[in-house]
Amino acid sequence: MKYVDEFRDGERARELAQKIGQEVAPDRLYHLMEFCGGHTHAIFRYGIPDLLPSQIKMIHGPGCPVCVLPIVRIDSAIELALDHGVILCTYGDMMRVPGSRKMSLLKARAQGADVRMVYSILDALALAQNNPDRDVVFFAIGFETTTPPTAMAIRQAERLKLENFSVFCNHVLTPSAISTILESPEVRELGTLPLDGFIGPAHVSTVIGSQPYEYFAEEYQSPVVIAGFEPLDVLQAILMLVRQINEGRAEVENEFTRAVTRDGNVKAKKVVADTFEMRREFEWRGLGLVPYSGLKIKSNYARFDAEQRFTLKRRSAQENKACECPAILRGVKTPRDCKLFGTVCTPENPIGSCMVSSEGACAAHYSYGRYRDQAIIDDKPSMIKTSST
Ligand code: SF4
């Protein structure tokens, strides 16, 4: 387990936590958003809140690809499976996310739809090769990390001259989401979401590099530290953010140098750029319509685009009113603020997307931190001033 165990060393974690405790100013709060669901998961899995001084407040961001997909796109996937008779291939988590009227792909399968769980888009390609008389659609979701494999699969389908394979493309872009949060009224006007810095995504940054975050640091004076998913990565990133904030700096720093460079993966970016183009806007759960935040398949690959190949009804869909996922994804509420958390809504019976995916904030709170979280709220010292942001 070399390269893993050394980033989970308990002694080193305690030392880092001690340093953070020594360096935080006693009279201010540090509001740090971890954009990525992988970080949220690591923070709770390794009990990081217990190690941090009370001045550090971690805020969960919208970086869980399952969580941010709006209900209307889930409804469209269900429509593809139920009304168009395709073999719809998707990841396990996506099968359980409720769409409108509590319908899900799992329930569609119980009604006779051919919905298959796959581990990668290559499984969907193989299904298309093995079932030439059936249309096979891959329900593609995810940030910049999962986009290159989708692009490669589309090119492979072209090389194989597959006539029965297409992609329902829902790939989204991280920088647009960060911009939207920083531009949101909660951050800019109302001050209800104080944000002092970001822990930048790990896997996404291996593809896009650290360069795209430089704009946020400069334009919004918001420090960013890109970090890996191990506990020492996260603690080190928190320490680096605390130092930047204390020194009044707003820079992009890279804690995850073992995998991330400034330019990222140039080859992967080229394949993506040759296969996809920006959508003018794309709807995100919690963030609404975000300009230039999603990808669609380029016209020269239109025959592999499920939205071109099948006529999908355009419809609006309504969130479950009691579910606080949209506010949680914007960082303005926590899972504890939802009345359904841990009672009606559990990982076994998820009401919203944040409880479905293991990277979702509600699932992470439920699995690792729900009791501890309440204790932290109860113990919060009253003399700490709010952040100046
Ligand atoms: S606990 Fe369930 S219902 Fe509440 S916000 Fe989370 S996912 Fe939605």
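Visitor: By class, how many nonpolar residues does the shell around the ligand have?
Guide: Welcome! Keep in mind that this is a predicted model. The residues around the ligand include Cys 323, Ile 328, Leu 340, Phe 341 and Met 355, and each of these types counts as nonpolar. The shell also has 1 polar and 1 charged residue. The nonpolar count is 10.

Visitor: Which cavity does the ligand take up?
Guide: Glu 324 and Gly 352 are also among the residues around the ligand. The space that the ligand takes is the largest cavity.

Visitor: What is the order of the strands in the open sheet of 4 strands?
Guide: The pairing in this sheet is parallel. Strand 4 (114-117) and strand 6 (165-171) are its edge strands, and each pairs on one side only. From edge to edge, the order is 4-3-5-6.

Visitor: Which residue in strand 6 stands opposite Phe 139?
Guide: Strand 5 (residues 136-142) pairs with strand 6 in the parallel sense over 7 bridges. Across from Phe 139, in strand 6, stands Phe 168.

Visitor: Why is one side of strand 2 and of strand 9 left without a neighbour in the sheet?
Guide: These strands belong to an open sheet of 5 strands in the order 2-1-7-8-9. Strand 2 (56-63) and strand 9 (252-254) stand at its edges, so one side of each is left free of a neighbour in the sheet. The reason is that each has a single partner strand.

Visitor: What is the bridge partner of Ile 199 in strand 8?
Guide: Strand 7 (residues 197-200) and strand 8 (residues 224-226) pair in the parallel sense over 3 bridges. In strand 8, the partner of Ile 199 is Val 225.

Note on methods: Residues numbered from 1 in each chain as written. Predicted model: local features only at pLDDT ≥ 70, side-chain atom pairs only at ≥ 80, totals over all residues. Heavy atoms only, no water. Near = heavy atom within 4 Å. 1 Å grid on protein atoms, 1.4 Å probe; cavity = no way out; pocket = protein on both sides within 12 Å on 5 of 7 lines; lining within 4 Å. Sits in = over half its atoms within 2 Å of the grid points. Pairing = 2+ DSSP bridges. Helix = DSSP H or I, 4+ residues; strand = E, 2+ residues; numbered from the N terminus.
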